[in-house]
Amino acid sequence: MNLEPSGSITSETSGELSSAAGACSRGKRRSVGPTAHREAKRLRSVQREGQETQTSGRSPSISVPLDRLQQPITPSELTELLHYAALGKTGGVKQPSWCHLHHQKRVKAVNVVIVEGLTQSHFYKHYLTLRHLRTSYTTRVTFTPSPTDLASGIFSGEVPESDAPSQRHSESSELHKALRIHPVITKFGTQRKGLTAYVLPQEEMIKKHYPVKGMPGFEEFVCTDGVDCVTDGSPLYGLDCEMCLTERGNELARVSLVDSDGNCLLDDLVKPQNRILDYLTRFSGITAAMLRPITTTLRDVQVKLRQLLPSDAVLVGHSVNNDLVALKLIHQHVIDTSLLYRRDFGQKFKLKVLAEVVLQRQIQTEGKKGHNPIEDAVAALELAQYFIKTGPRQVVELHLEELWGYTIMEESADCEPAPKPSLRFADILQTLGRSVAYLGKRSDLILDLSNQQWHSSDKEVLASFSRRTKCPFLSVLQLSDHLKRCHPRQEQQHQRARANLRDMCVVFAGPFPADFSEREVRRLFRCCGPVRSIKMLTTTVRVHAEVEFELLEGPVLALKALNGLNMQGQPIKVQRPVYESMLDLDLTLDALMCDSLNTSHLYAVQLNPSMAEDLRISARVNGHASDAECPGVTSVRAANRLSSAKVNGTRESQLSEETIRETFGHFGSVERVVLPAKRGNRASHAYIKFESSVDKHVALSSSEDLRKENYLVCPSLTPPHLPSWVSAVHTGSEAAEGEERTHGHTSSQDQEMDLLMGKLDRRLRKLFSSLPEGTLSVVVLLGDTSAHGCPGLCLMEVKRGE
């Protein structure tokens, strides 16, 4: 084993992580110099202009909710996305359960490249070589290997019967002519669907003047902390507000919120900010006497609603856009009952009428003094639940005369049912006049031979695709050269990949006091992040330890904070192992830091006060030289105090989203805080996502001041879709413990593999550049289904114009 000081590997990275630190005084920790403020403002302006340019055309894009990002997707979940991308809601297909495809109607084609023989570990082992794949694809998820043929599953997989366009057409042929043009049927079809089918899409919210983030007129509105997309299992919440007329127009005077069981969670009177001209008591039920003692403000109820609503909440209301405007609140997932029970020409039913006819309930009666918002919120909620449970066809048929005012005469004879059409994905696309194509090795596909082209090499596959004058709507390319090259020595390659990736999370530390135990080493080093394993290296003279972290950020912070720490008067060294395969580690870390998945993310750990003070004393004793040789003599006071680090200094502080937002919100707008923690344990570290990468760099430039507040920070390095770095090799519980490692020189096999990966990356770059704008491009590294259990990787991007 070859051990050297870590400066040659980490100095460049460490310098970047701590550059510009120390610009602020302790008393003004959150202040940044005027020059930095001006530069940050300029960069934010440039970035905002770039974002406006990108989104002005409303290009399609993919997002994966955080709670699903770290879960591997299966082949069936991938086909779920392909079905929606190709057919969309107009074709009766629901949004995928695990991701959200925005502006699906603008998707022009779907291209899938299946690469056999490669795994997720290959991608990260050859990360620097795969420049196109790592920079052009902004969505990356782990893929679960499957023994079934993925290409065959894509073409022959059946669109669920309730979703298939052909099924909808067949059912509509059995409907009476009058029902086919009914506004509810034309909008929602005939089938029962989950709640996601009735959540208003952003385009419709903008069209109907709902508060939408980024749209003019809503700049001062408060946003709830919502996920990008909800599921059919997301909770429903009923909302209703009452207003008074003030000098500035209608303002909030009362707000009520109920949960999915109708239980009241919030019912507050609110003091309008401006002078009241009319209490609108006949409608609102609000009187001057009721509001006289009230001190609750609009801001107060905004805070309460943000606390009460979970991230995947769906708000339900009747003309709920008026309620959200009164609340000055932006919530992206809403169901409006006035748009569920639709009428012709954009007219709307009153809530009172719907409650009476559908729910058989009297609300807003003449005897009552004004509306009861709790009663109205419950009514809207139950109307939505009834519509979802019953389905649009039955709702129309059951209430056709009472609500819509007409009846249907029975027809004299029934038409004979048409033969049931195929539900296979490829067949449906061809029925709709959309071309499909397969290019790759000979495969047993249920697909017309005229749509297949068999080739013996990847070069021929890609050349054949590039010769096409028009890109097929659905194209699947299967590349298998890597399978031929990798298979004979697959076991050896997996061992080397595992070793190389794990070594990126390893540091060596010592010497420690003679009585220092493995448990104490773990407690010391986990102040930098979760520790996966400790191996004590005890010689006849001194005690050292090999520490393996779960995340890439752990070693970076350990080198930055613990190198030179005094233990009972003896400084310890923290350094990386150096092997030939690790010589480009600094470049790899820089590339991961600049990865599009990490551009706005920051990694932070919070030290307890005792450990933080120990590190500050050590820094003063050592002249703040964290990556240099430490002097052998320390003050008696520092030696005595720092010896307590092995007992007290590593007890973890409790992180909370509230304190992190409060601390880091001064550097810019914090979009999301992720507190990864194993079940039953407190979170020991956090990932902070800023709305702008500029805000992240402002926070990094104040890392020394953050340390005074007991925080250690560095740029995020571990890709967000990996719960830990080791999961790049194994998934979840499959991660092998204590597996024998193989180190040494880079072999000719590794060099050959690196050349192959470079060639693959160049070919895929040419393929991507040939795709038309608006194409959903998917690259799947299939993974390994053998006993090694190495997962695959799925990369996705919708191509935009140059």
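In the predicted model, the crossing of helices α17 and α18 is left-handed. The axes of α17, which spans residues 351–358, and of α18, which spans residues 373–390, come within 10 Å and cross at roughly 55°; this value falls outside the ranges for roughly parallel (under 35 degrees) and roughly perpendicular (65 to 115) arrangements, and the two helices are therefore oblique to each other. The contact brings L351, L354, A355 and V358 of α17 together with D376, A379, A380, L383 and Y386 of α18. When these residues are sorted by class, eight are nonpolar, none is polar and one is charged.

Helix α17 also packs against helix α19 (residues 392–404), at an angle of about 135° and with the two axes 11 Å apart, which makes α17 oblique to α19. The crossing of α17 and α19 is right-handed, whereas that of α17 and α18 is left-handed. On the α17 side the contact is made by V353, L354, V357 and V358, and on the α19 side by H399, E402 and L403; by class, this contact comprises five nonpolar residues, one polar residue and one charged residue. L354 and V358 of α17 thus appear in the contact with α18 and again in the contact with α19.

Helix α17 further contributes to the lining of the second largest pocket, being one of the elements that give two or more residues to it, together with β6 (236–246), α12 (281–284) and α15 (320–327). This pocket has a volume of about 850 Å³, and of the 27 residues that line it, those closest to its centre are E242, F283, Q364, H371 and D376. D376, listed among these central residues, is also part of the contact that α18 makes with α17. Strand β6 gives the most to the lining, with four residues. In terms of class, the lining of the second largest pocket holds six nonpolar, ten polar and eleven charged residues, while the contact of α17 with α18 has eight nonpolar, no polar and one charged residues.

Two features of the backbone may be added. S319, although it is not a glycine, has a positive phi of about 55°, and this residue is placed in the loop between β10 (314–317) and α15; α15 is itself among the elements that give two or more residues to the lining of the second largest pocket. Elsewhere, the peptide bond that leads from G510 to P511 is cis, with omega near -5°, and P511 is located in strand β16, which covers residues 506–512.

Technical notes. Residues are numbered from 1 along each chain as its sequence is written. This is a predicted model: local features need pLDDT of at least 70, side-chain atom pairs count only at pLDDT 80 or more; totals for chains, interfaces and linings use all residues. Side-chain values use heavy atoms; hydrogens and water are left out. Axes are lines fitted to C-alpha atoms, for helices over the stretch in contact, and angles run from 0 to 180 degrees between N-to-C directions. Angles under 35 degrees count as roughly parallel, over 145 as roughly antiparallel, 65 to 115 as roughly perpendicular and the rest as oblique. A crossing is left-handed if the near helix is turned anticlockwise from the far one by less than a right angle, and right-handed if clockwise. Contact means heavy atoms within 4.5 Å. Ala, Val, Leu, Ile, Met, Phe, Trp, Tyr, Cys and Pro count as nonpolar, Asp, Glu, Lys and Arg as charged, and the others, Gly among them, as polar. On a 1 Å grid over the protein atoms alone, a cavity is a set of points where a 1.4 Å probe fits but cannot get out, and a pocket is an open set with protein on both sides within 12 Å along at least five of seven lines; lining residues have an atom within 4 Å of a point. Grid points are joined across faces, edges and corners, and a volume is the space filled by probe spheres set on the points.
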